[in-house]
Amino acid sequence: MNTPLSWIKDYVPELSCTDKEYYDRMTLSGTKVEGWTRFDHNCEKIVVGRVDAIEHHPDADRLWVCTVNIGSAYEGNYTAENDGLNGAAKDSIQIVTSAQNLKVGDVVPTCLNGGRVAGGHDGGPMPADGIKIKAGKMRGLPSVGMMCGIEELGATRDMYPEAPENGIYVFPEDQAKDLELGSDAMEALGLHDTNFDYEITSNRVDCYSMLGIAREAAVTFGKPFVMPKVTVQHALNKDTKDFVSVDIEAKDLCTRYVAAIVTDVKIGPSPRWMQRRLANFGIRPINNLVDITNFVMMEYGQPMHAYDYDTIHGGKIIVRRAEDGEVFTTLDGQERKLDRNVLMINDADRAVGIAGIMGGEDSMITDHVHTVLLEAATFNGPNIRKSAKRIGMRTDASAIFEKGLDPYNAMAAMDRACQLFEQYCQGKVARTYVDENDGLPALRKIAFEPEKINAYLGTDISKDVMLDLFHTLELTYDEASNTLTVPSFRQDLKAMCDLAEEVARFTGYNNVPSTLPKSSSTRGGITPMMRLQNKAAEIMLSYGYSQSETFSFESPKVFDTLRLPQDAPERKAIRISNPLGDDFSIMRTMTLNGLLTSLGTNFARRNKDVKLYEIGKVYLPKGELPITDYPDEHYMLSFGFYGDGDFFTLKGALEDVLDAEGLKKKRVYNADAKRPYLHPGRQANVFYEDELIGFLGEVHPDVAKAYGITDRVYVAVVNLAKILAKASFAHHYSGIANYPSMSRDISMLVPKNVTAGEIEAVIEQRGGKILESYRLFDIYEGAQVGLGFKSMAYSLTFRHKDRTLEAEEVDKAMKKILNGLKDLGIELRA
Amino acid sequence: MIQEDLERIKSETRERLSKALSPDEINEIRVAVLGKKGQLTQILKGMKSVAPEDRPKVGQMVNETRAKIEEALASSQAQISKKLQDERLAAETIDVTLPARKMERGHLHPNTVALKEIEDIFIGMGYEVVDGPEIEKDYYNFEALNIPADHPAKDEQDTFYINGDMLLRTQTSGVQIHEMERGRIPIRMIAPGRVYRADEVDATHSPVFHQVEGLTVDKGITFADLKGTLAEFAKGIFGEDTRVRFRPHHFPFTEPSAEMDVSCFKCGGKGCSFCKGEGWIEILGCGMVHPHVLEMSGIDPEVYSGFAFGIGLERIALLKYEIDDMRLLYENDIRFLKQF
């Protein structure tokens, strides 16, 4: 919300502070100021001048040569040498202008030589430092200042509707006659003012009004708050009920409806001050009647609506829900389709307005209006919000209604509006209003418990100080019952904790002590899953993989990119009902897309040898879609690279992760993984204790290409959720071998389809306890070995923990191994 | 006679040793003098011609000479070794300013770097780090946090819905409720994790981002405790000289509520372009857990009180590392990641 400080000062007349002080103190007491702008920013040396003579420029048709009397401002700014008139008068200067709207006697804002204006006369963007005005010559004649248009002074024609569209601002005669020549023209225009922009929190409905903010300012600065003096003449000798009856059918959506009749209204412009106030909000002034309802809306925070009474059928107002499919033309001429949830204002025959949002075309006020039916109602906030959203029409009024208003305020606002109608529309207000409601909610009472407030805040503030504060906040204290009664406009104050906040706010949050909890100590730490993740990250980093982060939702097209068949279980993904777009519409069930996208980004940017990992969740529905309960959220370790390395360097990193997580038993690599996004001959599922815990492989070239990578890409994924129960961070020292080892090498001719895994299984099973380790040290396929065979060589190491081995023992073990290998069809070489 | 021979051998050996240049030469000398056919051995062989009564004396002389020669040999040996080593070391001098050869190490994501710092501070204060579901029930994300069905905050947060009751959590605050429902008091927890809001991606917004929720519940927890705890956190993250400022704010699930600013860590609070002249930078939202929230989660607000806070992880990372575009965090360009 945007408000000039001068408006606040109308209600807090003693308020006196700099812009910065206001900003700081309001922000620290809870009315957050987002920023402020001075209206007179960049305007210097702007004085009141009067056009005393005006002549055509001899050499230019469109230019006028003016003698401008600047009275007291002459001295100190000009001398006979530089006033353009050779000192012809000791109070006037010569200014040449292209403006066409001036006549002799006009009183105008005049920028002196060396002064500054905010911008150009075309109302375009303002230069940061304004425009410096210097004496010069125009078509040969001296011009030693500038008469200003309203835009040049940083204001708008909305704020000053009397300003001409193109030309110099001329002070209206009624004002001009009281202005002293040479005095401050910005002062006369009311532009020594600052617009503050507030961020109002949703709990402070009352602060969406000038009075609300002024109340906060008054308490913040410890100055008195002065309500506008409202007295209504009620000059009409009839009651509102003689004109109209009000019937609220939808009581759940309307708690109060106040109606007033004002006759004999004269439509015309509203007073200039009111127009200017509305313009500050960006509300365009229209006429006195409309402007008053808008002004009261901003001042009191109560939207009002005015109907032309003569268009209301049957003298009836009925507040009820729309019919499904009902069509209504709002006063902007648009047809709106409605439903049962939209609250309508009807007369005896038809709808005349959408409650709280916009009136209808048929009952619209025209310049010929004579009798006005004025409405100040309290509608259900959430309903207005939803209706406005559904109809697609959020108006100034609905934006306020939707916060849920104080029903007491409707009457106060009605009084204020009627007063202004009397003052500025010559209206006659009916003797009484119609006030339809089912009883207003009782004012809330809260027990006054200063000791609890102090205990809650950690403060030691006296009871009297608190009571003084509550008094200024307009809460009333009843000593007998020890309760505070909350004024109706403070809907946010409900319990002790709310009172505590008031005490803290106005004591100053920063004056509350700062302590550490004295309570029982607790043991901090992380979860086993986090430990698992940290360990995996440690290994990843040591292997040169950097951590990436990718979105949790992605496009369902990802499954096609990854070549998954239509019935692939991965396609059973949780769908977002209102996604940002199809590309972000499903919760990922696999992590490859993010990883490959990131690798692709790097590849496109020509980054070499990139290795990335991510530890992130996949979201797996437990049963059928759509989900009705929590899905499984599994943390996955995913890593991959392109550039330097191959399947086995990838496998090495994977093995080390598993080692580090304490999964030290045999890992089984099953090449029959059949993952369509991986190279059919270079992929494996990883099993541990017979459970699938992950996979690895080279990315299928079609998939890599789809991500823009023309190099080989390798990826591995480990389901951390699945290894959590198997992981262990326990360490056991098994001693350092004291006795010598014995090594034996085996060189073999192996049928091509026999895997290293099978060979190693034989070695492990048959090597016995004395087998310490084994290592593949050579593998060869090609010309020297026969077709369908490969040559492999292992080095085996044997050792006994407690003694030196005998050669015979090793020979025996070797024999068993070799027999086993022969069974696999392996031929031993010398 | 023998005595003269011995003296001669001694001085000749010394003479030769002084000219020797390598350990090999020294060895040759050793063999020539002390070897089986060496000069001194020859003299011992000539002992037969010495009168028996003189033999012990001569023997002693020979032994003394031998010891002296061995000493000289050893000393020459040491000298030459040292000289050779010195020469070798001199020749091996390298240009230490030549480029280093590095192992290609990996780098943590800046979010994680920031998170670890945050976690360390709170773990040090006895906080447990916990995890919570990202696909959440409406109750935990809104209702239990004092945000009923019609509350405007529900609209403000631009929620992604799954269907019916399930949604993508818009805040980590729901973890507070899960934690309180476990009913173990005292509670000191932080809950980092992903949250989701329907914001289009741009330099300052992302539909996926991270928060770190914090919650303390115990007997006698005060607003002053909230201030003190978060001031410690700010110092831990931004340095010992950091000052904090609390501004009133509104969150439905805390009362009183506040936003915390820290003194600008670039200018120290004087006001600069980094803090837009304010001297303060907004860091987090916090407040005393609303008694009604405690009550809904089965904790008696007459006995217990608590405070909660929510930190925007990306906000901390962007500020602390001066990252000017949030999109960098999810692109994973290695040139970006390597800077952390």
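# A tour of chains A and B

Start with both chains on screen: chain A and chain B bury about 7100 Å² between them, and 53% of that area lies on carbon and sulfur atoms. Keep in mind throughout that this is a predicted model.

**The interface.** Select the residues of each chain that touch the other, and you should have 86 residues of chain A in contact with 89 residues of chain B. Across this interface there are 51 residue pairs in polar contact, and the largest share of chain A's side, six residues, comes from strand 30, which covers residues 611–620 of chain A. If you colour that side of chain A by residue type, it divides into 34 nonpolar, 32 polar and 20 charged residues.

Nine salt bridges are counted between chain A and chain B. To see one of them, select A:R605 and B:E331, whose side chains meet with N and O 3.2 Å apart. Then select A:K32, A:E199, B:R245, B:R247, B:E259, B:D261 and B:E282 together, since these residues are linked in a network of salt bridges.

**Chain B alone.** Hide chain A for a moment and look at chain B, whose secondary structure comes to 13 helices and ten strands. The radius of gyration of chain B is 41 Å, well over the 20 Å that the globule rule gives for 340 residues, so chain B is more spread out than a compact globule. Measured out along the principal axes in your viewer, its C-alpha atoms fill a box of roughly 130 × 45 × 45 Å. Buried residues make up 51% of the 340 residues in chain B.

While chain B is still on its own, select B:I185 and B:P186, which are joined by a cis peptide bond with omega near 5 degrees. B:P186 sits in the loop between helix 8 (174–181) and strand 5 (187–196) of chain B.

**Backbone features of chain A.** Bring chain A back and select A:L625 and A:P626, where another cis peptide bond is found, with omega about -5 degrees. A:P626 belongs to the loop between strand 30 and strand 31 (632–642) of chain A.

Next, select A:D264, which has a positive phi of about 60 degrees although it is not a glycine; this residue is in the loop between strand 13 (254–263) and helix 6 (272–280) of chain A. A:E474, again not a glycine, has a positive phi of about 70 degrees, and its place is in the loop between helix 12 (463–472) and strand 25 (476–478) of chain A.

**Salt bridges within chain A.** Show the side chains of A:E249 and A:R320, which meet in a salt bridge at 3.7 Å, N to O. A:E249 lies in the loop between strand 12 (245–248) and strand 13, and A:R320 in strand 15 (residues 316–321), so the pair ties together parts of chain A that are 71 residues apart in sequence.

Is the next pair buried or exposed, when you select A:R490 and A:E502? A:R490 is buried, with a relative accessible area of 2%, and A:E502 is buried too, at 1%; their side chains form a salt bridge of 3.1 Å, N to O.

End at A:E691 and A:K726, a salt bridge whose closest N and O atoms are 3.0 Å apart. Here A:E691 is partly exposed at 30% relative accessibility, whereas A:K726 is buried at 19%.

Technical notes. Residues numbered from 1 in each chain as written. Chains lettered and ligands numbered in written order. Predicted model: local features only at pLDDT ≥ 70, side-chain atom pairs only at ≥ 80, totals over all residues. Heavy atoms only, no water. Contact = heavy atoms within 4.5 Å. Buried area = accessible area lost by both parts, 1.4 Å probe. Salt bridge = Lys/Arg side-chain N within 4 Å of Asp/Glu carboxyl O. Polar contact = N/O pair within 3.5 Å; in protein donor to acceptor, adjacent residues only side chain to side chain. Helix = DSSP H or I, 4+ residues; strand = E, 2+ residues; numbered from the N terminus. Nonpolar A, V, L, I, M, F, W, Y, C, P; charged D, E, K, R; others polar. Rg over C-alpha atoms; globule rule 2.2 N^0.38 Å. Buried < 20%, exposed > 50% of the residue type's maximum accessible area, 1.4 Å probe, protein only.
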